[in-house]
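This report is written for a reader meeting the structure for the first time. It treats a group of strands, the aromatic rings among them, and the confidence of the model.

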Amino acid sequence: MAKQHTDAPQSDPHISPSPAPTGRTQWDVLGDVIQRLGPGVLILVGALFALFMFLNTYGEWADSAHQKTESAYVSAGEINDRAVTTINKALDAFERLQAISDNESRKATAAVTSQREAETARIAAETQLANTLQRERDQLDAIRINHEAKMREIQARSAKFEDDLRTRTAKAGTLREDIAKLIEDIRTQTARNDTAALETIILQVDDFRTKHLVDANQLITAFAQNPSAETAKALSDLEGVSADSLLKIARANSQNFQAWTRFGEPKSDDWAFVATLSSDPFSVRNILVFTLDQNRIYTVEWFDRILIFSTPSPTNWDVTQYLALVGSPTGGYAAAPADERAITDGTWTLADVVNYEEFDGSVRAKTISGQAPTLQVADINLVTKKNSDIATLLRDAADEDTRLVLDGLQRAKTFSPAKLIPPSLGSGRSDAASLRKAVVAALDAAVRRDESTRTAMTGVGFAREDWGRLAAAALRDGFRLVKLDDTRSPNTVHIVFQYQDTQWGRTTTQRIRLALTLKGTTPDAHWLATALTEHDSPEFDIRQQSSHDLEQHAMPQSAAP
């Protein structure tokens, strides 16, 4: 059996031997532990102790605070109840005060309104009184101003009267001298007893009259300010006034005429002055024409309007002629053809018209003052349509040729050849329908100036001007178809028309014959106009029907437009 061996515990040389037990306390032991563990443990222990003490103290404080909070909540509830009661009481008091305030406010508002109305009434009364006083003051001021103006006018008239008196006194002396000289000259010239002496006396009397009795500038100024029959008639007193005096007035142009123009040269047989007051694009208005003889005004004429139209010729509707409307309420109006030489590219001037109409273009026109306008030639249809007064004047003043044109223009507006050609025209011919259609087309193309139809229907022997002649005849009074003659050739038909013509106050019946020739063969056959001639034969040899039948079916145009 092995020998048991028990190893004795070995001691650690680094560990000090435990001291022998003594009479130490727990705190001493704790101090040793702390000493052994170091300062970190001490701090930890201190912190834990502090936490322990804080928790113990916080618990006691929390309990106390909870009790205080409960007490505070109880107190707050009581305070809240008392506050609600107080508020209710305050609301009741406020409502009572509000009622009292509303009542007082209504009373105050009523008082303010009453006071305001009274104040407004007072202000209105004061304003009305002030306005009344202002009106009275204005009236007094107006009376004062009017009185002062009248006083100034009286003073001016008095001064003018004194000046006029001095001037008239001076003129009276001159007048006495001129009268004595005139009487002496008349005696001297009468003693000579010849024509030259009598002409000299007339000139001297005219000089005396225009020097002392006529104020030319005043008469012309009065007309320029108010063109009328009265002021125009007063201009007759200018007869005998010297050309030099009129030239001075024209150069000064204090009356603001649009233009003063002289025609011819002084001391010539034919010369004149023309003064134009105003104009529009188509006409000149209020024209004075001073005709001179021996360097003195011989006549004075007033024209309130000069207007030039373009119109068709009464004998050829394709030819344009020019028509002038000239006149005044005192001398009457005249409408007659105007000289074509005065028209340039559809425009004209008064100087050219006067020169060619009065002097045959032989004198030279010179503008003295102002600027003469260039005017347009008016289309007679347009002007008479927009200006009924001009249309009336034109018809009343027109000569026979012009009336033919005016009537023709009116008929052209409603011209219907189908109504003029009887449906029975050419009855018995196989081509009667196409013949009637050709006659209607020819008349319509002539009046309407349908160039395409004219070109298509113009045959050999039918001149271009024949279309205008046919239109002029078709637009005459009483135009109708009276005869059809196809006896000369089956392919040529002569249509005879009749119309009324007035010349020199005498109305006659005129006839014109239109020849239509059928060209080509069916179905390309067509009618061409081949001749237009005057036809004066009273015999109507109509094949298959009488002239009476044609007249019975014809529908003539109205004589009056």
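## Strand β3 and its partners

In this predicted model, strand β3 covers residues 283-293, and 8 of its 11 residues are buried, so the strand is largely enclosed by the rest of the structure. Strand β3 pairs with β2 in the antiparallel sense, over 8 bridges. Within this pairing, Val289 of β3 is the bridge partner of Val274. The two strands, β2 and β3, form a hairpin, with 3 residues between them.

Strand β3 is also joined to strand β4, which comprises residues 296-312. The two run antiparallel and are connected by 10 bridges. Leu288 stands opposite Trp302 of β4. The hairpin of β3 and β4 has 2 residues between the strands, and in this hairpin Gln294 adopts a positive phi near 55°.

## Strand β1 and its neighbours

Strand β1 spans residues 259-263 and is mostly covered, with 5 of its 5 residues buried. Its side chains point in two directions: Ala259, Thr261 and Phe263 one way, Trp260 and Arg262 the other. The residues on both sides are all buried.

Two further strands are joined to β1. Strand β2, residues 271-279, runs antiparallel to β1, and 5 bridges join the two; here Phe263 stands opposite Ala272 of β2. Strand β8, residues 365-370, likewise runs antiparallel to β1 and is joined to it by 5 bridges. In that pairing Ala259 stands opposite Gly370 of β8.

## Aromatic pairs

How many aromatic pairs does a search of the whole structure find? The search finds 7. One of the pairs consists of Phe223 and Trp302, whose ring centres are 6.0 Å apart and whose planes stand at 80°; the pair is therefore edge-to-face. Because Phe223 belongs to helix α4 (residues 216-225) and Trp302 to strand β4, this pair ties together parts that are 79 residues apart in sequence. Phe223 and Trp302 are both buried.

Trp260 and Phe290 have their ring centres 5.8 Å apart and their planes at 15°, so this pair is stacked. The pair links distant parts of the chain, as Trp260 is in strand β1 and Phe290 in strand β3, 30 residues apart. Trp260 has a relative accessibility of 0% and therefore counts as buried. Phe290, at 0% relative accessibility, counts as buried as well. Together with Phe257, the residues Trp260 and Phe290 form one aromatic cluster.

## Confidence of the model

The mean pLDDT of the protein is 79, and 78% of its residues reach 70 or more. Over residues 1-9, however, the pLDDT is below 50, and this stretch has 0 contacts in the model beyond near neighbours in sequence.

Residues 537-561 also have a pLDDT that stays under 50. For this second stretch, the model has 56 contacts beyond four places in sequence.

Methods
Residues are numbered from 1 along each chain as its sequence is written. Side-chain values use heavy atoms; hydrogens and water are left out. Buried means under 20% relative accessible area, exposed over 50%, partly exposed in between (1.4 Å probe, protein chains only). Helices (H or I, at least four residues) and strands (E, at least two) are DSSP runs, numbered from the N terminus. Two strands pair if DSSP finds at least two bridges between them. pLDDT is the predictor's confidence in each residue, from 0 to 100. Contact means heavy atoms within 4.5 Å. Rings of Phe, Tyr and Trp (its six-membered ring) pair if their centres lie within 6.5 Å; planes under 30 degrees apart count as stacked, over 60 as edge-to-face and the rest as tilted.
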